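Trainee: I am new to this structure and would like to go through its charged side chains slowly. Could you guide me, please?

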Amino acid sequence: HGTMSFTPVYGPRSRALILGTWPSPKSREMAFYYGHPQNRFWRVLAAVTSQKTPGTIPEKKAFLLRNGIALWDVIASCEIEGSSDSSIRNVMPNDIRPILETADICQIYVNGGTAEKLYRKYIFPETGRAAVRLPSTSPANAACSLEKLIEQWKVIGECLSK
């Protein structure tokens, strides 16, 4: 259904912006990004930054801000069946410009193929900034092992250390 996305997490020290597609039912139930216990997002970011995986929502927010990571979704609202990205209709994209105006974002990353497709269609024309596609941390992307994900997500570390 057309519920709204979460508010973005970012601050003036944010360097990397990571955009997902849209919160899954599990994330909405947990009221924060990547709430599904099988989603490897927090484990991957912890590995990339050599830190402990944050557990609670306040820990996750503090982790993002401390490491210069901004987090949001491409979609502000849409219609979707369960968590099936292929069923997404009536998309209202988020306006990421306030983040780009506040923070010195060196690179925008998208979490998975659907986020990339939607970013290219809705946000790229507004900002003219290309996004780097990273393999999805979703449990649906089972073909990609945790090790492989960490390896590919390491590019974020390079942006953060600039």
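**Salt bridges in the predicted model**

Mentor: Let us start with one pair in this predicted model: Lys154 and Glu151 bring their side chains together in a salt bridge, at 3.3 Å from N to O.

Trainee: Is Lys154 buried, partly exposed or exposed?

Mentor: Buried would require a relative accessible area under 20%, and exposed one over 50%. Lys154 has a relative accessible area of 41%, which lies between those limits, so Lys154 is partly exposed.

Trainee: Which residue forms a salt bridge with Glu116, and how buried or exposed is Glu116?

Mentor: The side chain of Glu116 meets that of Arg120 in a salt bridge, with 3.5 Å from N to O. Both residues belong to helix H5, where they lie four residues apart, about one turn of the helix. The relative accessibility of Glu116 is 18%, and because the limit for buried is under 20%, the partner of Arg120 counts as buried.

Trainee: Which helices hold Glu126 and Arg97, and how far apart are the closest N and O atoms of this pair?

Mentor: Glu126 and Arg97 form a salt bridge that links distant parts of the chain, 29 residues apart. Glu126 sits in helix H5 (residues 113-127), whereas Arg97 sits in helix H4 (residues 97-102). Their closest N and O atoms are 3.6 Å apart.

Trainee: Which residues are linked with Arg97 in a network of salt bridges?

Mentor: Arg97 itself is partly exposed, at a relative accessible area of 35%. The network of salt bridges links Arg97 with Asp95 and Glu126.

Trainee: How many salt bridges are counted?

Mentor: The pairs discussed here include Lys154 with Glu151 and Glu116 with Arg120. The count of salt bridges comes to seven.

Key:
Residues numbered from 1 in each chain as written. Predicted model: local features only at pLDDT ≥ 70, side-chain atom pairs only at ≥ 80, totals over all residues. Heavy atoms only, no water. Salt bridge = Lys/Arg side-chain N within 4 Å of Asp/Glu carboxyl O. Helix = DSSP H or I, 4+ residues; strand = E, 2+ residues; numbered from the N terminus. Buried < 20%, exposed > 50% of the residue type's maximum accessible area, 1.4 Å probe, protein only.
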